[in-house]
Amino acid sequence: MSKRAIQAVLALSVVLMTAGIILKVTGDGGADTAGTVAVSLASVGSIVAAIGSSFRAARGNDGPDR
């Protein structure tokens, strides 16, 4: 994964996690379920970004040396 893609996935994960926590705390019924789904998606996004970052580090492809 490119550095920009990893940053985008992490940023989206932060937004989803924040929205999910707010929905879980303030919501009832359907909003609570939506909050749980948002937190789950954020967790998956964080895992994907971490895997992409470790593959990038393992390849040693941090961009051109200047």
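## Starting at Ser13

Let's begin with one residue: Ser13 sits in helix α1, which runs over residues 3-26. Keep in mind that this is a predicted model. Is Ser13 buried or exposed? Its relative accessibility is 5%, so Ser13 counts as buried, because anything under 20% falls in that class.

What does Ser13 touch, leaving aside residues up to four places away in sequence? The answer is Ala42, Gly45 and Ser46.

## Helix α1 from end to end

Now step back to the whole of α1. This helix has 24 residues, and at 1.5 Å a residue it should span 34 Å. The C-alpha atoms at its ends are 35 Å apart, so the model agrees with that expectation.

For a feel of distances inside the helix, take Ala11, another residue of α1. Between the C-alpha atoms of Ala11 and Ile22 there are 17 Å, with the two residues 11 apart along the chain. Ala11 has a relative accessible area of 43%, so this residue is partly exposed; that class lies between the 20% and 50% cut-offs.

## How α1 meets α2

Which residues of α1 are buried? They are Ile6, Ser13 and Gly20. The buried residues of α1 pack against α2, the helix that covers 30-59.

Two packed helices can be described by the angle between their axes and the distance between the axes. Here, the axes of α1 and α2 come within 7 Å and cross at roughly 160°. That makes α1 roughly antiparallel to α2, because angles over 145 degrees count that way. The crossing of the two helices, α1 and α2, is left-handed.

And what kinds of residues make up the contact of α1 with α2? Sorted by class, there are 14 nonpolar, 9 polar and 4 charged residues.

## A look along α2

Over in helix α2 we find Ala31. Its relative accessibility is 25%, so Ala31 counts as partly exposed. How far apart are the C-alpha atoms of Ala31 and Ser54? They are separated by 35 Å, and the two residues are 23 apart along the chain.

## Putting it together

Back to where we started: Ser13 is buried, and among its contacts is Gly45. Ser13 is one of the buried residues of α1, and those residues pack against α2. The crossing at roughly 160° is left-handed.

Notes
Residues are numbered from 1 along each chain as its sequence is written. This is a predicted model: local features need pLDDT of at least 70, side-chain atom pairs count only at pLDDT 80 or more; totals for chains, interfaces and linings use all residues. Side-chain values use heavy atoms; hydrogens and water are left out. Helices (H or I, at least four residues) and strands (E, at least two) are DSSP runs, numbered from the N terminus. Buried means under 20% relative accessible area, exposed over 50%, partly exposed in between (1.4 Å probe, protein chains only). Contact means heavy atoms within 4.5 Å. The expected span of a helix is 1.5 Å times one less than its number of residues. Axes are lines fitted to C-alpha atoms, for helices over the stretch in contact, and angles run from 0 to 180 degrees between N-to-C directions. Angles under 35 degrees count as roughly parallel, over 145 as roughly antiparallel, 65 to 115 as roughly perpendicular and the rest as oblique. A crossing is left-handed if the near helix is turned anticlockwise from the far one by less than a right angle, and right-handed if clockwise. Ala, Val, Leu, Ile, Met, Phe, Trp, Tyr, Cys and Pro count as nonpolar, Asp, Glu, Lys and Arg as charged, and the others, Gly among them, as polar.
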